[in-house]
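Me: Please take a close look at a single part of this model, the stretch that carries its charged pair and its nonpolar patch. I would like one connected account, with the wider setting given beforehand.

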Amino acid sequence: MEVGSSDGPDKNRVYGLSNTTANNLRSARSVSTVGSSQSISSSQSKEFVALQQHTVQLTEKYDHLSAEYAQLKVSNAQQRAESEQLKASQAQQKAKSEQQKAAYEQLREMVMNMATQSGTCAPNPFWPYNHQPPPPGPPPPPAPPLY
């Protein structure tokens, strides 16, 4: 019996069998073995149990990873909220800083205007507001003689 090769005329054709046998082989969907053996059934049973155990392990691992993923999503959402709060706080601080700068500039301009209008930044407590020198007082006592 020869099977057609991929280079041959028909790779699905079986050569050397009668037409009835070839037709039977084509129409058969699966080939089953007749008879049973304890070694075959016990090895298949062991493989089935091993596959079931492996499936349980994979399911547990999937559940664990799903729970971990959910925790990570919650943590990520919390971090995003904290980040947004921090950005808002920084924006408030920046606005407050800008207000303080503007107030400082206004105060500075007021002081500079006072200095240019009156010649001094603030009135001298020892001089009256009209900038007249104080009236002369009694002369100081004479110094003791040096011997």
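Reply: Accessible areas here come from the Shrake-Rupley method with a 1.4 Å probe. With that probe, the accessible surface of the protein comes to about 14,200 Å², and carbon and sulfur atoms account for 57% of that area. The model is predicted, and buried residues make up 2% of the 147 residues in the protein, where buried means under 20% relative accessible area.

Along the sequence the elements follow the pattern β-β-α-α, that is, two helices and two strands. The average pLDDT of the protein is 76, and 61% of the residues score at least 70. Confidence is lowest in strand β1 (residues 2–3), with a mean of 49, and highest in α2, with a mean of 90. Over residues 29–37 the pLDDT is below 50, and in the model this stretch has zero contacts beyond near neighbours in sequence.

The part to examine is helix α2, which spans residues 38–118 and includes L107. Within helix α2, R108 and E105 are three residues apart, which means that about one helical turn separates them. Their side chains meet in a salt bridge, with a distance of 3.9 Å from N to O; this pair counts because the criterion asks for a side-chain nitrogen of Lys or Arg within 4 Å of a carboxyl oxygen of Asp or Glu. By this rule the count comes to one salt bridge. In general, side chains of opposite charge can pair when their charged atoms come close.

Neither partner falls in the buried class: R108 has a relative accessible area of 42% and is therefore partly exposed, while E105, at 37%, also counts as partly exposed.

The nonpolar patch is made by L107, M110 and V111, and its surface amounts to about 270 Å². L107 has a relative accessibility of 48%, so it counts as partly exposed, given that exposed would require over 50%. Because patches are made of residues with over 30% relative accessible area and no salt bridge, the value of 48% for L107 is in keeping with its place in the patch.

Key
Residues are numbered from 1 along each chain as its sequence is written. This is a predicted model: local features need pLDDT of at least 70, side-chain atom pairs count only at pLDDT 80 or more; totals for chains, interfaces and linings use all residues. Side-chain values use heavy atoms; hydrogens and water are left out. Patches are made of residues with over 30% relative accessible area and no salt bridge: like charges are joined within 9 Å, nonpolar side chains (Val, Leu, Ile, Met, Phe, Trp, Tyr) within 5 Å. Helices (H or I, at least four residues) and strands (E, at least two) are DSSP runs, numbered from the N terminus. Buried means under 20% relative accessible area, exposed over 50%, partly exposed in between (1.4 Å probe, protein chains only). pLDDT is the predictor's confidence in each residue, from 0 to 100. Contact means heavy atoms within 4.5 Å.
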